[in-house]
Amino acid sequence: MALLELENLTRRFGGVLALDGVSISVDQGQIAGLIGPNGAGKTTVFNLITGLYRPQEGELRFGGRSLAGLGPHRIARLGISRSFQNVESFRTMTVEEHVLVGAHRRAGGLGERRRRARAGEVLEYLGLESVARRPVAGLPFGTLKRVDLARSLASRPRLLLLDEPAAGLNHEEVGELGGRLRALRRDFELTLLLVEHHMGLVMGICDQVSVLNFGRKIAEGPPGAVQRDPAVIEAYLGGQTAAA
């Protein structure tokens, strides 16, 4: 059953056609990947899903409901959350305060005590209790990525959009990330869509991969099939395998 449906999305910026009739469907419970060269339109897709941009043509549906005309806050309340490639942190806030920002996004009528409890649960799950009261500024990059993930999880999303989650991580941290994302799907009953350049991670954890090039979808399917697709090899992988 499709949780997220993108149907014939088109978006222009001036004379630049950023997306050209892109259709993608992500089933509930999937880990889906969105890959392509720089400038292929991947971030534009995320910005359309989260309401930062609006499509000029096409339709977006989440859980069968159209997202047309909804702003970012209303879309977040439906259960869509996003992490960022560049860790967006309020540098003077503590880790706990940073995560509470996420808890407030979809908290509804919950009181402050319950929101703090929710934030605490996520911090414990991601092993961040020991730094909960430390300022975000000065923390190691890998820890900052976990803090940003905690912020996203605190809103209790149904769909988590991950923008380059492996960026800046070393080989060991990328391996840990793959296991963590599988665990998140299981433990939080999440559907995940990630934009990622690390092919080992994408091919290792994704159920489905969609490939964009110059704003058009050129391939979609299981990781192995996408990896062997001549159009993908030509446009993006450059003949490399997932081990690259």
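This is a short talk about one pocket and several salt bridges in a protein model.

Hi everyone, thanks for coming. Please keep in mind that the model is predicted.

Let's begin with the pocket. Rolling a probe the size of a water molecule over the atoms shows where empty space is left. The one I'd like to show you is the second largest pocket, with a volume of about 260 Å³. Its lining is made up of 18 residues. If you want to centre your view, go to G142, K145, R146, L169 and R180, which lie nearest the centre of this pocket.

Which elements each supply at least two residues of that lining? They are α5, residues 141-153, then β7, residues 159-163, and α6, residues 171-188. Helix α5 gives the largest share, with 6 residues. As for chemistry, the lining of the second largest pocket counts 8 nonpolar, 3 polar and 7 charged residues.

Now to charge pairs. Side chains of opposite charge can pair when their charged atoms come close. Searching the whole structure turns up 13 salt bridges, and I'll walk you through a few.

Take R82 and D163, whose side chains form a salt bridge at 3.8 Å, N to O. R82 sits in strand β6, residues 80-82, and D163 in strand β7, so this pair ties together parts that are 81 residues apart in sequence. Are these two buried or exposed? Both R82 and D163 are buried.

Next, back to α5, the helix that gave the pocket lining its largest share. Here R151 pairs with D148 in a salt bridge, and their closest N and O atoms are 2.9 Å apart. The two residues are about one helical turn apart, because 3 residues separate R151 and D148 in helix α5. R151 and D148 are both buried as well. Elsewhere, E5, E7, E59 and R61 are joined into one network by salt bridges that share partners.

For a contrast in setting, look at E121 and R114. They form a salt bridge with the closest N and O atoms 3.7 Å apart. E121 has 39% relative accessibility, so it counts as partly exposed. R114, at 33%, counts as partly exposed too.

One last residue is E124, found in helix α4, residues 112-125. Its relative accessibility is 53%, and therefore E124 counts as exposed. From E124 to R158 there are 34 residues in sequence, and the C-alpha to C-alpha distance is 20 Å.

That's my tour. Thanks for listening!

Methods:
Residues are numbered from 1 along each chain as its sequence is written. This is a predicted model: local features need pLDDT of at least 70, side-chain atom pairs count only at pLDDT 80 or more; totals for chains, interfaces and linings use all residues. Side-chain values use heavy atoms; hydrogens and water are left out. On a 1 Å grid over the protein atoms alone, a cavity is a set of points where a 1.4 Å probe fits but cannot get out, and a pocket is an open set with protein on both sides within 12 Å along at least five of seven lines; lining residues have an atom within 4 Å of a point. Grid points are joined across faces, edges and corners, and a volume is the space filled by probe spheres set on the points. Helices (H or I, at least four residues) and strands (E, at least two) are DSSP runs, numbered from the N terminus. Ala, Val, Leu, Ile, Met, Phe, Trp, Tyr, Cys and Pro count as nonpolar, Asp, Glu, Lys and Arg as charged, and the others, Gly among them, as polar. Buried means under 20% relative accessible area, exposed over 50%, partly exposed in between (1.4 Å probe, protein chains only). A salt bridge is a side-chain nitrogen of Lys or Arg within 4 Å of a carboxyl oxygen of Asp or Glu.
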